[in-house]
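Biologist: I have the sequence and the structure open side by side, and I would like to talk through them with you. Can we start with the loops and then work inwards?

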Amino acid sequence: MSVLTIGQLAEKVKLKPSAIRYYEQKGLLPNPERMNGRRRYTEDVIPRIEFIKLTQNIGLTLEEILILIEGFNQNTSRAVQWRTLASKKMCEIEELIEDLNLMKLILQNAIDCECLSWDDCIENLSKARRNL
C-alpha cells in the first residue's frame, strides 16, 4: 500500500489539508505515522474520510459521526447504530421543518402585507400561524 503526504491525501479525497488535520484533532481519524515530522497516511484511511464526508452531507455533525464511528458498544450492530442515530436526527429535522415553515409564513406575510399598522400585521400573522 502506498504512503501519502497530507497534500496527496487531500487531493485524492477532495478536501483541504486543514480539514484532514481537523478530523484528526476531533478524533475522527487516527493520528498518522510521521516521517521526518511530516504526516504520512496509508490509503486505508480514504474510505473513512469518504464516510465522514457522506455523513456530513446528510446532516450529521462531527460529534455525531464520532459517536457513530467509535461511540457505540462494540456488541451493537451497525444497523442498530444507524437506526438510533437516524431516529434522533429525524426528530431534529422535523423541528427544523416546522421552524422553516413558520419562517416562510412570516416572510410571505411580509411580502403580501398591506397592513396599515404593526398591530394589523401581527394579528394577520397570528391568524395565519393558527392555520398551520
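Biologist: Is N36 buried or exposed?

Modeller: Bearing in mind that this is a predicted model, N36 has a relative accessibility of 82%, and because anything over 50% is taken as exposed, N36 counts as exposed.

Biologist: And where does N36 sit in the chain?

Modeller: N36 is in the loop that links β2 and β3. Those two strands make a hairpin with two residues between them, and in that turn N36 has a positive phi of about 55°.

Biologist: Why would you point out a positive phi?

Modeller: Because most residues other than glycine have a negative phi. N36 is a residue other than glycine, and its phi is nonetheless positive.

Biologist: Which other residue has a positive phi although it is not a glycine?

Modeller: K14 does, with a phi of about 60°. K14 belongs to the loop between α1 and α2, and its relative accessible area of 70% makes K14 exposed as well.

Biologist: Back to the hairpin, then: how many bridges join β2 to β3?

Modeller: Three bridges join them, and the two strands run antiparallel. If you want a pair to look at on screen, take E33, whose bridge partner in β3 is R40.

Biologist: What is the strand order in the whole sheet?

Modeller: The sheet is open and has three strands, in the order β1-β3-β2, with antiparallel pairing. β1 (3-4) and β2 (33-35) are at the edges and have a single partner strand each, so one side of each is left without a neighbour in the sheet.

Biologist: How is β1 held to β3, then, and how many bridges are there?

Modeller: Two bridges join β1 to β3, which covers residues 38-42, and these strands also run antiparallel. Within that pairing, L4 is found opposite Y41 of β3.

Biologist: Changing topic, what does the largest nonpolar core look like, and which residues have the most contacts inside it?

Modeller: That core has 20 residues, and the ones with the most contacts inside it are L9, I20, L28, L29, I52 and I65. Four elements give two or more residues to this core, namely α1 (6-13), α2 (17-25), α3 (46-57) and α4 (62-71).

Biologist: Take L9 from that list; what is L9 in contact with, leaving aside its neighbours within four places in sequence?

Modeller: With those neighbours set aside, L9 is in contact with L4, I20, Y41, V45, I46 and I49. You will recognise L4 and Y41 among them as the residues that stand opposite each other across β1 and β3.

Biologist: Now the helices: at what angle do α3 and α4 pack?

Modeller: Their angle is about 130°, with the axes 10 Å apart, and α3 and α4 are therefore oblique to each other. The crossing of α3 past α4 is right-handed. R48, F51, I52, T55 and Q56 of α3 make the contact with L62, I65, L68, I69 and E70 of α4.

Biologist: And how does α4 pack against α5?

Modeller: α4 packs with α5, which spans residues 78-112, at an angle of about 160° and with the axes 10 Å apart. Those two helices are therefore roughly antiparallel, and their crossing is right-handed.

Biologist: Which residues meet there?

Modeller: From α4 there are E64, L68 and I69, and they meet R78, Q81, W82, L85, K88, K89 and E92 in α5. L68 and I69 also take part in the contact with α3, so those two α4 residues are worth picking out on your screen.

Technical notes:
Residues numbered from 1 in each chain as written. Predicted model: local features only at pLDDT ≥ 70, side-chain atom pairs only at ≥ 80, totals over all residues. Heavy atoms only, no water. Core = buried A, V, L, I, M, F, W, Y, C linked by side-chain atoms within 4.5 Å. Buried < 20%, exposed > 50% of the residue type's maximum accessible area, 1.4 Å probe, protein only. Contact = heavy atoms within 4.5 Å. Pairing = 2+ DSSP bridges. Axes fitted to C-alpha atoms, helices over the stretch in contact; angles between N-to-C directions. Parallel < 35°, antiparallel > 145°, perpendicular 65-115°, else oblique. Left-handed = near helix turned anticlockwise from the far one by under 90°.
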